[in-house]
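Subject: Structure for you to look at

Hi,

Here is the structure I promised you. Please open it next to this email and follow along.

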Amino acid sequence: MSTVPPGRRSRIIGVAATAGAFALAATALAQAAPAASTPSVQPVLTNKVLVIGLDGVVLDRVLQADAPHLQGLMAQGLTARSTLYAQPMAATSSGPGWSTIATGVWPDKHGVRDNSFVGKNYSAHPDFLTRIENVAPDLNTYAAADWEPITSTDQNGPIFSSQVDKRLSLKGDRDGYRNEDPKVAAAAATELREQDPDAAFVYLGEVDAAGHSRGADSRQYLEAITRVDALVGQLLTAVAARPTYAQESWKVLVGTDHGHTGRGGHGGSSIAERGTFVIAKGAGIAPGSVRQDVRLVDIAAEALHHLGVPTDGIDGIALDAPDDDPFDSLRPQLQPRVDEGGIGSGVKGFTHTPPVGWSVDNSKMGTGGVSEWRGWAFTTDEFWSQAQRDQWRELNVRSRDVFAVADSDEWDDKSHLGTFDSTLTTPAWPVAGSSTKTLRYRTHYRQESGQSAQVLVSFDGAAATVLKDYASDAVATSEALSFQVPPGAQNVQVHFRYRGDNNWYWTVDDVTLQ
């Protein structure tokens, strides 16, 4: 569950840009009319967005580096860690990473699985600047980068289309990112300060180059972060120096496309390579807040939302969307590993205690097995995906924060008697007066012969009937199952029953009834 206090996601449009500006406005109003009859008036600000993309940056190293501008954004806004996918959905490389950030959808939709860009589907899932142009062509858009596929038509991209009003493309691979990043930052700073962009994306690549040449654990990697941080400072200074800044509400979003190993490199499924982050500062974001329910796809969603552009069809969620998932409330109860050897001892990531009103029936469960996965458990991606890598657990990209999992494959890794048979049950939800209801949830399921995954419904405590019986893989899927409500029924409960042995797994998250 987010540590941001209630109301943290309320969108604030009309706020004073500075205390001084607000004080002058208040003084003018007080002089214009008696205090008793003066209404409270706040200026209407023009919303603008700056997205800064930093290639291959590890958040923990930002915290250790001399990086006052990035650390200042974190202190003044929101910080969220977010993990990526792995193969076969996509490699943890720049093509899929920047496509995910730009489009707000995961690789199974945008189609980019590696740096070849084979299978890209930007026509169906365009970048957020192009979405802005499609809906509000009067808004000004800008993109600048020195990794060519982002903005250059000469490469496999471009990720940001030719519909973007102004694009700058330099050649970091050819001429060196340490040389080209300052040119990108200088040009972008001039654009931000002297022109009128409503939405801008600026990419800087030197840190990734340092990661490849020296490794993320190196002194040179920290030094590269410091240099890039200074360029981030130039961009922030340019925004604040705009003549119209006091009449504007800027949302600044920072993200990275993938992580890096300590020795250097990425593309694989380790948590170091899959690690990314989102930093956000602006109206409606609590200073110093830390969240676990934010994903990398939310950068595009928040940029669009801030400008009033629809986010239909994307996986991202705006930062002020309510988080009502009861599973997320379990984060304070998460425990470290017991039997699992591949998970770091300091990672707290599982509990068998369900949320209030939910229940787990393990009366048919076998005995023994791996403790963490005995029956339905509640876990996180950073914990569960490390239990065994490269078995598609990393592909559970549409779950957020804490989710439920039944994993007979991992449970079977320790001696046991009997088989896996566990049922997760929702609270009793009222349905009186309804003829039809729709059950919605996110799921990630791998099928194998000998296992069973069923969704059942029961009304007023009567016998349960099968609503869905999974017979094939459902990879990172959002489900919507409609059913009829019997006349006179007062409430319904939904049951998720999983049975198996040395088979696979089933995750469930964000379960709602509409």
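P88 lies in the loop between β2 and α4. Start there. The peptide bond from Q87 to P88 is cis, with omega near 10°. Keep in mind that this is a predicted model.

Stay in that loop for a moment. Y85 also sits between β2 (78-83) and α4 (94-103). Which residue does Y85 form an aromatic pair with? The partner is W106. Their ring centres are 6.1 Å apart, and the planes meet at 80°. That makes the pair edge-to-face. W106 belongs to another loop, the one between α4 and α5 (107-110). The two residues are 21 residues apart, so to speak of a link between distant parts of the chain is fair. Both Y85 and W106 are buried.

**More rings**

How many aromatic pairs does a search of the whole structure find? The count is 23. Some rings also gather in a group. W376, Y441, Y445, Y470, F496 and W506 form one aromatic cluster.

Y470 has a charged companion too. K468 lies over the face of Y470, at 4.9 Å from the ring centre. Look at W504 next. The charged end of R446 sits over the W504 ring, and the distance to the ring centre is 4.1 Å.

**Two positive phi values**

Now go to the loop between α13 (381-384) and β13 (403-407). W392 is found in this loop. Its phi is near 75°, which is positive, and W392 is not a glycine. D401 lies between α13 and β13 as well. Phi of D401 is near 55°, again a positive value in a residue other than glycine.

Is W392 buried or partly exposed? W392 has a relative accessible area of 23%, so it counts as partly exposed. The cut-off for buried is under 20%. D401 has a relative accessible area of 7%, so D401 is buried.

**Strand β13**

Follow the chain into β13. How many of its five residues are buried? Five of the five are, so the strand counts as mostly covered. In a regular strand the side chains alternate between the two faces of the sheet. You can check this on β13. F403, V405 and D407 point one way. A404 and A406 point the other way. All of these residues are buried.

What pairs with β13? Strand β12 (residues 377-379) is joined to β13 by three bridges, and the two run antiparallel. Here T379 has F403 as its bridge partner. Strand β22 (residues 505-513) pairs with β13 too, over four bridges. This pairing is also antiparallel. V405 in β13 stands opposite T507 in β22.

**The whole sheet**

Step back now. Six strands form an open sheet. Their order is β9-β12-β13-β22-β17-β20, with antiparallel pairing. Which strands stand at the edges? They are β9 (350-351) and β20 (474-484). Each has a single partner strand, so one side of each is left without a neighbour in the sheet.

Trace the sheet on screen, then go back to the rings.

Best wishes

Note on methods. Residues are numbered from 1 along each chain as its sequence is written. This is a predicted model: local features need pLDDT of at least 70, side-chain atom pairs count only at pLDDT 80 or more; totals for chains, interfaces and linings use all residues. Side-chain values use heavy atoms; hydrogens and water are left out. Rings of Phe, Tyr and Trp (its six-membered ring) pair if their centres lie within 6.5 Å; planes under 30 degrees apart count as stacked, over 60 as edge-to-face and the rest as tilted. Buried means under 20% relative accessible area, exposed over 50%, partly exposed in between (1.4 Å probe, protein chains only). A charge sits over a ring if NZ of Lys or CZ of Arg is within 6 Å of the ring centre and within 35 degrees of the ring normal. Two strands pair if DSSP finds at least two bridges between them.
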